[in-house]
Structures are given as C-alpha cells and as structure tokens.
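Biologist: I should like to go through this structure with you step by step. Please show the sequence and the structure before we begin.

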Amino acid sequence: MNDMRISLVLLGTALIGAGLAAAAATEVLLPGERIFPESITSTKDGTLIIGSLGKGYILRAKPGAAEADVWIQPGTNGLNSVLGVLADEKSNTLWVCSSSLDGKGEPTALKAFDLKTGAGKGSWPFGGENAFCNDIAIGPDGTAYATDTRLARVMMLKPGAKELQVAAKDPLLEGADGLAFGTKVTLYVNSVTKGKLLRLEMGPDGKAGRVTEMPLSRKIERPDGMRAVGPNRFLMIEGVGRLTMVTFEGLELNTAVIETLKEGYATPTAVTAVGNTAWVIEGKLNYFNDPAFKGKDPGVFKVYAVPFGKGGGKK
C-alpha cells in the first residue's frame, strides 16, 4: 500500500509538472503548409483562435496547448479567405472577415459563428466592387465594426440588423486595417498602406463624425492588427517585424506614444492579449503575395507569447 501511495504521489507530481509546463508555453505551432495566418483573437481562459488566409479555415488552440487544431472548416457559412477574427464572449460570437482576394468564390462579407460550437450564425455581404473586409472591433453596445481596406471605409452591423451600414468613409481611411476602441465614443483605425493612425469620433447613431489623423511619437511602418489592453492603450503589429504598444497622452490625448516591445518577427500580422501576455502571429505574407518569394518554402507558422507590463512596457 505504501509503495502504491508513493507511485500515485509521483504520478500526480508528474502530471502537475506537465500541466505547469503546458500552461507556461511560449509558442504555439500552427499545423499545415502555407496556411498564412492573418489574424488572431482570444477568450479570457486563454484559448487562441486564428484565421488562415491561405487555407480559408479557422484554427483553435486550447489554453496551454503546444499546437493548434483546425476548428472551422473551409466553406463553412460561406467562408472564403479568412482575415480578421474577433471573439465576443458577451454575445457568444466569433466575428470573421471573409474576403474574396481575386473575385472568386463567396463575396466579401462579415460572418458570425457560435463561439463555443463553431456553427454559423449569419453572414452579411459588404457590397461594393472590390470590397475587402480586413479586421473587426466591437462597440460598447455590441455593434460590430469592420474595416474595408480597398474602399477606404468602416462598415458596421448593429445588433439585430439585417444588413451592414457605412459607419465612416473618408480618403484618410485609405488602406484601413486594424481598429480598436479607445473609449466608448472613440474608435482608432490604422492604415497599413499609409502608416497612419486615425481617430474616429462616434456619434449616437454609431456612425463616425470627424476623422482625424493622429500625431505620432515616431513613424509606424505597415501597421496591422490592433487590440485594446486598456483605455486609450493598444497593442499593435507593424508588418516590418514589430510588436508595438500605443498609448495616447498629452492634451486631450492628442499624441500617440509608440513604444516597441519586441521586434524581429517574420512579417507579423496580428496580436491578441491574454492577461498581460501578448500573442503574436507571424503571417509571412511576403511568401503569399510577393513574386520574389513565389514557390519558396515559408517554413512552419507559429504564435509567440510576449509578456508586457501593466504600465505599457516590458516586464
């Protein structure tokens, strides 16, 4: 009996150790070849959800997992190429940007899936020739906002609405990509093509009034995915290889302070936050759309953990 007890204790210790090791994982492998992940989101328990531009499916990694699994198959609910993904736990919805890259397949649309089961819940076409749904943010009333990179606009879907509406359209929104709310009435949008950060002042109807280009403490290069980690404070990807913290400071919060948290990533595309840990995707999209890399092997794809402090900098 004593020997059996000792064995059980040792087994329990080993299992606990394995669990702690998994919980402390600092990277997650995304299986498959040429999947070209474009966006990532997360839930409070640490589950990671990743959209594949190259394969048109959605992957999911449970908390502590070393590898993600394919969760939502290509074509489900009319999925085409998957770009932005955003988990809204309040409504149990996974919002997805599904876009037609070459005019083939299902038209560009904002789509909704059950966050627990992955079942389709709805699809709302963007409309407009050459529309391109890129990324998503959720307003305080549950309205979903999505950028249209090609048509310089932000679309919105109010709770219960049957179709999308234009929330903002402005020449400054050319190349609109990542977006996140700073307060209940301010939505920030970056431009991946122009290296700009814009403030949209939202009205009672959910639409933007004034669109303002924000002064930056330093130049930003190919800004992409953006996630709020506090009032007027965001994690943001720069496609040149950086994970960046953006904090608005100064008179009327009119200056964007840009701080590099980590660099050296291979064409990163998106970031999400779980507590004080950022998870960064390497999209390697140069292997997808740059003729110079045509036919070359991009290697494996991973998501990387980066701790960050509550005050904005590294731990």
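Biologist: Over the ring of which residue does the charged end of Lys284 sit?

Modeller: Please note that this is a predicted model. A charge counts as lying over a ring only if it is within 6 Å of the ring centre. The charged end of Lys284 is 5.3 Å from the centre of the ring in question. That ring belongs to Phe301.

Biologist: Which residues form one aromatic cluster with Phe301?

Modeller: The search of the whole structure finds nine aromatic pairs. One of them is an edge-to-face pair of Phe36 and Phe288, with 5.2 Å between the centres and 65° between the planes. Together with Phe301, one aromatic cluster is formed by Phe36 and Phe288.

Biologist: How many residues apart in sequence are the parts that the pair of Phe36 and Phe288 ties together?

Modeller: Phe36 lies in the loop between strand S1 (27–30) and strand S2 (37–42). Phe288 belongs to helix H2 (residues 286–289), so the pair ties together parts of the chain that are separated in sequence by 252 residues.

Biologist: Is Phe36 buried or exposed?

Modeller: A residue is called buried when its relative accessible area is under 20%. Phe288, its partner, has 36% and is therefore partly exposed. Phe36 has a relative accessibility of 2%, so it counts as buried.

Biologist: Over the face of which residue does Arg199 lie?

Modeller: This is another case of a charged side chain placed over a ring, and Arg199 is 5.7 Å from the ring centre. The residue whose face it covers is Phe248.

Biologist: Let us turn to the charged pairs. How many residues apart are Asp135 and Arg227?

Modeller: Side chains of opposite charge can pair when their charged atoms come close. The side chains of Asp135 and Arg227 meet in a salt bridge of 3.8 Å, N to O, and both residues are buried. Asp135 is in strand S10 (residues 133–138) and Arg227 in strand S18 (residues 223–230), so that distant parts of the chain are linked. Their separation is 92 residues.

Biologist: Arg210 and Glu201 meet in a salt bridge. Is Arg210 buried or exposed?

Modeller: The distance in this salt bridge is 2.8 Å, N to O. Glu201 has a relative accessible area of 29% and is partly exposed. For Arg210 the value is 53%, which means that this residue is exposed.

Biologist: Which residues are joined with Glu263 and Arg242 into one network?

Modeller: Glu263 and Arg242 meet in a salt bridge of 3.6 Å, N to O. Glu263 is in strand S21 (residues 255–263) and Arg242 in strand S20 (residues 242–249), 21 residues apart. Glu263 is exposed at 53%, whereas Arg242 is buried at 16%. Through salt bridges that share partners, these two are joined with Arg218, Glu221 and Glu238.

Biologist: I now have questions on the sheets. Which strands stand at the edges of the open sheet S6-S7-S8-S9?

Modeller: Strands of a sheet pair through backbone hydrogen bonds, either parallel or antiparallel. In this sheet of four strands the pairing is antiparallel. An edge strand has a single partner, so one of its sides is left without a neighbour in the sheet. The edge strands are S6 (81–88) and S9 (120–125).

Biologist: In S9, which residue is the bridge partner of Ala112?

Modeller: Strand S8 (residues 109–114) pairs with S9 in the antiparallel sense over five bridges. Their hairpin has five residues between the strands, and Gly118 there takes a positive phi near 85°. The bridge partner of Ala112 in S9 is Gly122.

Biologist: By what angle, on average, are neighbouring strands turned against each other in the open sheet S14-S15-S16-S17?

Modeller: This open sheet also consists of four strands with antiparallel pairing. Its edge strands are S14 (176–183) and S17 (208–213), each of which pairs on one side only. With direction ignored, the average turn between neighbouring strands is 25°.

Biologist: In S15, which residue is the bridge partner of Phe181?

Modeller: S14 and strand S15 (residues 186–191) pair in the antiparallel sense over five bridges. The bridge partner of Phe181 in S15 is Leu187.

Conventions. Residues are numbered from 1 along each chain as its sequence is written. This is a predicted model: local features need pLDDT of at least 70, side-chain atom pairs count only at pLDDT 80 or more; totals for chains, interfaces and linings use all residues. Side-chain values use heavy atoms; hydrogens and water are left out. Two strands pair if DSSP finds at least two bridges between them. Helices (H or I, at least four residues) and strands (E, at least two) are DSSP runs, numbered from the N terminus. A salt bridge is a side-chain nitrogen of Lys or Arg within 4 Å of a carboxyl oxygen of Asp or Glu. Buried means under 20% relative accessible area, exposed over 50%, partly exposed in between (1.4 Å probe, protein chains only). Axes are lines fitted to C-alpha atoms, for helices over the stretch in contact, and angles run from 0 to 180 degrees between N-to-C directions. Rings of Phe, Tyr and Trp (its six-membered ring) pair if their centres lie within 6.5 Å; planes under 30 degrees apart count as stacked, over 60 as edge-to-face and the rest as tilted. A charge sits over a ring if NZ of Lys or CZ of Arg is within 6 Å of the ring centre and within 35 degrees of the ring normal.
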